[in-house]
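Welcome! Have a look at the sequence and the model below, and keep them at hand as you read.

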Amino acid sequence: MVRPMLTLIPMLFFAQPAEAQSAPKVTIAETNFRIAPGVIHLAAGQVVQLAFTNLSGSSHDFSAPAFFGRAQILSGIVGRGEVDLPAHGQLLVTLTPARGIYRARCTHFGHRMMGMSATIVVD
């Protein structure tokens, strides 16, 4: 009787909410030295999956502390308001965004000056 309960415990910790599994996906690609799309449109209060992809051979990040700070993060790793992406890395973040206009950028030295910035518009 104990064994079946033990197999359910990992499922409770790693399962995504049902709304996260069916949420629309927005792909955000980072290259040297660009974030695409430059303007990211999201719907306030609606669950969305943000699929971050680093297409370059060097690491980048996607820093948007105000955006991530006001959003409800459902799954994915967002530390200090940013997503870290190693070379050719990918990360999926599922969240519910809050209404507003937010700035995003790569915080690596000189990357923002070279064009690695974006605007997040949540209506």
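The questions and answers that follow walk through some aromatic residues, a nonpolar core and a few paired strands in this predicted model.

Q: How many aromatic pairs does a search of the whole structure find?
A: The search covers the whole structure, not just one part. Its count of aromatic pairs is four.

Q: Are the rings of Phe 67 and Tyr 102 stacked or edge-to-face?
A: Let's start with distance: the ring centres are 5.4 Å apart, and centres within 6.5 Å count as a pair. Next comes the angle, where planes over 60 degrees apart count as edge-to-face. The planes of Phe 67 and Tyr 102 stand at 65°, so this pair is edge-to-face.

Q: How many residues apart are Phe 67 and Tyr 102, the pair that links distant parts of the chain?
A: Phe 67 belongs to helix α3, residues 65-70. Tyr 102 belongs to strand β9, residues 100-105. The separation between these two partners is 35 residues.

Q: Is Phe 67 buried or exposed?
A: A residue counts as buried under 20% relative accessible area. Phe 67 has a relative accessible area of 1%, so Phe 67 is buried.

Q: Is Tyr 102 buried or exposed?
A: The cut-off for buried is again under 20% relative accessible area. Tyr 102 comes out at 6%, so Tyr 102 is buried.

Q: Which residues form one aromatic cluster with Phe 67 and Tyr 102?
A: The edge-to-face pair of Phe 67 and Tyr 102 belongs to an aromatic cluster. The other members of that cluster are Phe 52, Phe 62 and Phe 68.

Q: Which residues touch the most other members of the largest nonpolar core?
A: In soluble globular proteins, nonpolar side chains tend to be buried together. Here the largest nonpolar core holds 24 residues. Elements giving two or more residues to this core include β4, α3, β8 and β9. The residues touching the most other members are Phe 52, Phe 62, Phe 67 and Ile 120.

Q: How many bridges pair strand β4 with strand β8?
A: Strand β4 spans residues 48-54 and strand β8 spans residues 90-96. One point of pairing is Ala 51, whose bridge partner in β8 is Leu 92. The two strands pair in the antiparallel sense, and the number of bridges is six.

Q: Which residue in β8 does Ile 73 stand opposite?
A: Strand β8 is also joined to strand β6, residues 72-75, by three bridges, and the two run antiparallel. Opposite Ile 73 in β8 stands Leu 95.

Definitions and conventions
Residues are numbered from 1 along each chain as its sequence is written. This is a predicted model: local features need pLDDT of at least 70, side-chain atom pairs count only at pLDDT 80 or more; totals for chains, interfaces and linings use all residues. Side-chain values use heavy atoms; hydrogens and water are left out. Rings of Phe, Tyr and Trp (its six-membered ring) pair if their centres lie within 6.5 Å; planes under 30 degrees apart count as stacked, over 60 as edge-to-face and the rest as tilted. Helices (H or I, at least four residues) and strands (E, at least two) are DSSP runs, numbered from the N terminus. Buried means under 20% relative accessible area, exposed over 50%, partly exposed in between (1.4 Å probe, protein chains only). Two strands pair if DSSP finds at least two bridges between them. A nonpolar core is a set of buried Ala, Val, Leu, Ile, Met, Phe, Trp, Tyr and Cys residues joined through side-chain atoms within 4.5 Å.
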